[in-house]
Amino acid sequence: MSRMIDILHILKKNEIVRGLTPEKLKKILEELGPTFIKFGQILSMRPDVIPEEYCKELETLRTNVDPMDFSVVTNEIEQECGRPWKEVFSVIVEEPLGSASIGQVHKAVLRDGKPVVIKIQRPNIKQIMQDDIKLCRRGLSILNVVRRADDAIDLHTVLDEMWESAQREFDFLQEGMNLKRFYELNKNVSYVTCPKVNLELTTSRMLVMEYIEGIPINDIAALKKNGYNLNDLGKKLAENYVKQVLEDAFFHADPHSGNISVRGKQIVWMDLGMTGELTERDRALFSSAVEAIALGDVYDLKDTILAIGEIHGEVDQNALYTDLDLFVSRYAKMDFKSLKLTDLMNDIRQILNRHHISMGKGLTMLIRGVMTIESVVKDISPSLDFLGVFTKYVQKHSFSLHELRSDLKMKQMEALHMMKKTADLPGNIADLLKMTVHGQTRFNVQLSDSKEMLHNVNQIINRAIIALIDAALLIASSLLCLSDMKGRILGIPALGAIGYLLAIVLGVYLLIDTLKRARDK
């Protein structure tokens, strides 16, 4: 209850009832604390959920939160070690290297003299964030005032994504395993590494790993001073991230500049608490999408998007194709070296929103990671063709031996299946004839998903019905003229005269309607 009162007080202080601006939303989230800062950071990477101006403002949310007292830090470390910290570490530097929503990082030295980094979790942070998220769910209507009305994704989805991400980050032992896995996958890449983890001291709430003395990737001046070739560095960074995505299917999901350093001749990836994995299907579809965009293949791009996306309601495929055709035509005229993948992704997102198609959570994480690393690479090497790096990798590995064998195996299975179907064909035809003779045959025909097409067919059927009624009236009136029915008008039975009149009216209506539609076309 006290937390709710605090939240209401912050909202009242920032005059939420007078409306929201990007600046006001950022200030509110900062004052609300770690959970809401993390929520804001997730939102800043979701232009498919809130307008672009809010995303840009939320990007400036501070990554550090108020640090824990050193006494709290040492107390938490001792609880995880099960003994006084001085029996494990000879020194723990009091000033933190960083203080985030879930944990705090300190430099330390083991008893054997080896420098390490300790990442210790905030006390009760899981329960605190869980309680805050419950309150968020109740108060999402406040934040919905900045959401676009036609989105396929709402803020509840983003909140779910944030909570799932946070739960993975709560387990520091899992982060330790991520570091070990990343190291193994990249041990043969001479220019890439990550901190080595000390699994003996690591627990679910404390991570102990190698201390990295390096230059932050965004410290351009220091990199130049130490003689680094920035273009080469940017290219290697991009190529390794593409490898993580398309070859390893295990990638750093939060590759901002604060998580990347340069030490000697190696790029060092740090903070692997947030990683993503791709299924074989998602990896193949993402590769197809990149290649289709690069080659301007609209048909393949449309099919890939429909396969990747989660469809909400009906999709007008003709309209989707038209939008994608315009999209591809626009980018085909541009120099890819000057093209930002972020702009391209945002344009695709707008098309998806328009057609009520959303991306799955795994691919959303991937797209966010790609957009983040592109920004880092562009800062280092502005002239680098980032999309070109992706495309070359896709084309280079499209016909690997493993994939060729898999493809041949699949074609074999398809051929055997087709042969079986062919062998069954005479029997199936005989069954169809028997069912037709007994009146049991049914045909289901789908003309098109296009609403316009269905509307036109409906109008044609309506006009056909009117024409049949008109013909029936003429025939019936003519038959009445041959009868001896009394009550005549101009020598014609009255009922027949009325029938002729109605038939003339319907005929004139059909004629005018047909001419009008021909003129409109």
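Three aromatic pairs emerge from a search of the whole structure, which is a predicted model. I shall take one of them in detail. Such a pair is described by the distance of the ring centres and the angle of the planes. For Y241 and F251, the centres are 6.4 Å apart and the planes stand at 70°, so this pair is edge-to-face. Y241 belongs to helix α10, residues 230–248, while F251 belongs to strand β8, residues 250–252; the pair therefore ties together parts that are ten residues apart in sequence.

Are these two rings' residues buried or exposed? Y241 has 0% relative accessibility and therefore counts as buried. F251 also counts as buried, because its relative accessibility is 0%. Both residues belong to one aromatic cluster, formed by F182, Y241, F251 and W269.

Aromatic rings also appear here with lysines over their faces. K107 lies over the face of Y211, 4.3 Å from the ring centre. K119 is placed over the face of F172, at 5.1 Å from the ring centre.

I turn now to helix packing. Two packed helices are described by the angle between their axes and the distance between those axes. Helix α2, residues 22–32, packs with helix α3, residues 34–44, at an angle of about 145°, and the axes are 6 Å apart. Which residues make the contact? From α2 they are L29, E30 and L32, and from α3 they are F36, I37 and G40. By class, this contact of α2 with α3 comprises four nonpolar residues, one polar and one charged.

Two further residues deserve a few words. The first topic is I125, found in helix α6, residues 125–143. I125 counts as buried because its relative accessibility is 4%, and the threshold for that term is under 20%. What does I125 touch beyond its neighbours within four places in sequence? The contacts are S101, I102 and F170. As for P34, I125 is 91 residues away from that residue in sequence, yet the two are 9.3 Å apart in space, C-alpha to C-alpha.

The other residue is S261, which lies in strand β9, residues 260–263. With a relative accessibility of 8%, S261 therefore counts as buried. Leaving aside neighbours within four places in sequence, S261 contacts I215, P216 and I217, together with Q266, I267, V268 and M270.

To close, I return to the aromatic residues: F182, Y241, F251 and W269 form one cluster, and within it the pair of Y241 and F251 is edge-to-face.

Notes: Residues numbered from 1 in each chain as written. Predicted model: local features only at pLDDT ≥ 70, side-chain atom pairs only at ≥ 80, totals over all residues. Heavy atoms only, no water. Axes fitted to C-alpha atoms, helices over the stretch in contact; angles between N-to-C directions. Helix = DSSP H or I, 4+ residues; strand = E, 2+ residues; numbered from the N terminus. Contact = heavy atoms within 4.5 Å. Nonpolar A, V, L, I, M, F, W, Y, C, P; charged D, E, K, R; others polar. Buried < 20%, exposed > 50% of the residue type's maximum accessible area, 1.4 Å probe, protein only. Phe/Tyr/Trp six-rings, centres within 6.5 Å; stacked < 30°, edge-to-face > 60°. Lys NZ or Arg CZ within 6 Å of the ring centre and 35° of its normal.
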